[in-house]
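Student: Could we go through this model together, one contact at a time? I would like to see how each answer is reached.

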Amino acid sequence: MTESMSGETNSRLTPVWWWGGLLLVVIAVLFARFRLIELPLERDEGEYAYGAQLLLHGGRLYDDLHTMKWPGLYAAYALIFSIGGETVAAIHGGLVVVNVLTAIGVFLLSRLFLDRTSACVAAVSFLVLSVLPVMHGIITNAEHFAVLFPVFGLWCLVHSLRERQWFGILVAGVLIGLGAVMKQHAHAFVALGGVLTLLLPRPISIRTGLTNLGQSVAYVAGVLSAWGAMCLAVWQRGDWDQFIIWTVQYPRDYTRQVGWSEALANFQFAGLSILKVTWPLLLLALLGLASFARQKKWEDCCVVIGFFVASLLSLCPGFYFREHYFLLAVPAIAILCGKGVECLFNAVSRNCSRPCGTWGGRLARIGVLALLCIPLVAQGRLLFIERTDLVSRTLFGPNPFVESPRIAAFLKERMSEDDRMVIFGSEPQIAFYAQRRLATGDIYMYPMTEIHPLAKPLQVEMIRKVNESRPRFALFVSAPTAWLTRAQTEPLLINWMPTFLKDYHLVGLVETVSMIESKYDFAADGELLQRSISRIPSGVPYVAIFCRKDSL
């Protein structure tokens, strides 16, 4: 008798060691996440955390924080803070919860097309891929939240379409719409849902076709409900005008800056690095993709391949192809991995007879476990061995992420809650750590150093607000990645800064000497720093802290 490896009725024959192996992979992933729970925040996390602080303490998004992102992630961070406190551990602990919930969603969605064993492999594949540092999976980025809701939304949508449940289709629209509220890249999943409501079940008569149109109406109503609630919340807080400027006008210019040749270079830079680590699971996914394409179940093929195509499209806005964008494709790839395993196990079951079938089954299972483990081993030094500060350095180089907590502690000791500061650089995590407000909403310098029509007006506006608010402290970050200036960058802001800083004294200097060494030099309260910026060796990134002369 041939050993069955994927049949639902024979799942009881699956050996215990197989489930134990999958469990060990899950434990390894969770261990890595909890080990890195105090990983220093990077810029994006600092932005989301600072935005959440504003929401919790009376600030206004889009006025006190200039961002082109929709407000969902700031609200998600605020929810995390309300439960776990405004700490780094709470941010990364929240990521663990979101990641596990998404894995459950991947399992449920996979079960609509795969047997239980293969769906479990899909969920475990998701956990493995989404933790990899090469995709910044250990960072609490928007992409983790942007796939959480669409995964559950697609599961609800497909189930409801099969049963013709109008309310379920409406709920699915809300869930998938919330994905875009977390990050606009998820609009690709919204479009996928609309296409599926028109195609599934496949129209076979005029009456059925009209029913499909009704399905689409219910789905669109759900999506618009989510987006309408977001717009209403923004309008009630008085941020509507700034919301339009930063989420409509600025993104229009932002997404036009990258040409086709640069887009290809961006994709190769991130994609090849990710491919070198994830190739074992990508091979499984290719097998699964080919299997779905060959099968006769048109509806299953439409959903899964459509999900994969939508995931690829979600990477493309702006053609920047940053490492964490690829997290948007992980759920679809994980489902394809599950299908690849089902295809592999079925092939072994059909073509091997006892005793060869038994050994064939064992080798197939061992091979799958090995494929799951190879990416974790490839990234094992960062996931399981290195200190958190060295992990940050490896991923982000000399950016002042490791130094930010000490810089913020120095500022917090010397600033009252009403004092303001300005950061000439793109380091919003410092404001979050210090729990102090910025003088303007310009958390990043990038909109002002990019080449587009809004750059100079934004610089003029920042200069006006800084002059009006007269912040007590000013920080200058020399790291090139804090500015990303080009040869054509408008120089107004950079030329103005020396004039502005004439009214300030140097009170702190932090140098990133090497990957493992940082030098901190802080003046005592009310005193000046004796060192000079001119003595810093060329090429050494630093953060200079200035205090207004009349406030010492």
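**Rings, charges and a helix**

Tutor: Happy to. Tyr 504 counts as buried, at 6% relative accessibility. Keep in mind that this is a predicted model.

Student: Which residue forms an aromatic pair with Tyr 504, and is the pair stacked, edge-to-face or tilted?

Tutor: The structure holds 30 aromatic pairs. In one of them, the ring centres of Phe 500 and Tyr 504 are 4.9 Å apart, with 40° between the planes. Planes under 30 degrees apart would count as stacked and over 60 as edge-to-face. The partner is therefore Phe 500 and the pair is tilted.

Student: Is Phe 500 buried or exposed?

Tutor: Its relative accessible area is 9%. The cut-off for buried is under 20%, so Phe 500 is buried.

Student: What about Tyr 520 and Phe 522: how far apart are their ring centres?

Tutor: Tyr 520 has a relative accessible area of 23% and is partly exposed. Phe 522, at 26%, also counts as partly exposed. Their rings form a tilted pair with 45° between the planes, and the centre-to-centre distance is 6.2 Å.

Student: Which charged residue sits over the ring of Tyr 520?

Tutor: Tyr 520 has a ring partner in Phe 522. A charged end also sits over the Tyr 520 ring, 3.8 Å from its centre. That end belongs to Arg 406.

Student: Which residues do ring pairs link into a cluster?

Tutor: Here the links join both Tyr and Phe residues. The Phe members are Phe 81, Phe 145 and Phe 432. The Tyr members are Tyr 48, Tyr 74, Tyr 77 and Tyr 433.

Student: Let's turn to charges. How many salt bridges does the structure hold?

Tutor: Side chains of opposite charge can pair when their charged atoms come close. Some of these bridges join into a network, which links Arg 60, Asp 63, Asp 239 and Lys 465. For the whole structure, the number of salt bridges is 19.

Student: Where do Lys 339 and Glu 342 lie?

Tutor: Lys 339 and Glu 342 form a salt bridge, with their closest N and O atoms 3.0 Å apart. Lys 339 is buried at 7% relative accessible area, and Glu 342 counts as buried at 10%. They are three residues apart, about one turn of the helix, and both lie in α13 (residues 330–351).

Student: Over the face of which residue does Lys 339 lie?

Tutor: Besides its salt bridge with Glu 342, Lys 339 has a ring beneath it, with the ring centre at 4.9 Å. The ring is that of Phe 292.

Student: Why does the salt bridge of Asp 521 and Arg 531 tie together parts that are ten residues apart in sequence?

Tutor: The side chains of Asp 521 and Arg 531 meet at 3.9 Å, N to O. Asp 521 lies in strand β5 (residues 518–522), so the pair ties that strand to the place of Arg 531, the loop between β5 and β6.

Student: Last one: which residue caps the N-terminal end of α5?

Tutor: Helix α5 (residues 116–131) reaches 23 Å from its first C-alpha to its last, close to the expected 22 Å. It is mostly covered, with 15 of its 16 residues buried. At its N-terminal end, a side-chain oxygen lies 3.0 Å from the backbone nitrogen of Thr 117, and the capping residue is Asp 115.

Technical notes. Residues are numbered from 1 along each chain as its sequence is written. This is a predicted model: local features need pLDDT of at least 70, side-chain atom pairs count only at pLDDT 80 or more; totals for chains, interfaces and linings use all residues. Side-chain values use heavy atoms; hydrogens and water are left out. Helices (H or I, at least four residues) and strands (E, at least two) are DSSP runs, numbered from the N terminus. The expected span of a helix is 1.5 Å times one less than its number of residues. Buried means under 20% relative accessible area, exposed over 50%, partly exposed in between (1.4 Å probe, protein chains only). A polar contact is a pair of N or O atoms within 3.5 Å; within protein, one must be able to donate a hydrogen and the other to accept it, and residues adjacent in sequence count only if both atoms are side-chain atoms. A salt bridge is a side-chain nitrogen of Lys or Arg within 4 Å of a carboxyl oxygen of Asp or Glu. Rings of Phe, Tyr and Trp (its six-membered ring) pair if their centres lie within 6.5 Å; planes under 30 degrees apart count as stacked, over 60 as edge-to-face and the rest as tilted. A charge sits over a ring if NZ of Lys or CZ of Arg is within 6 Å of the ring centre and within 35 degrees of the ring normal.
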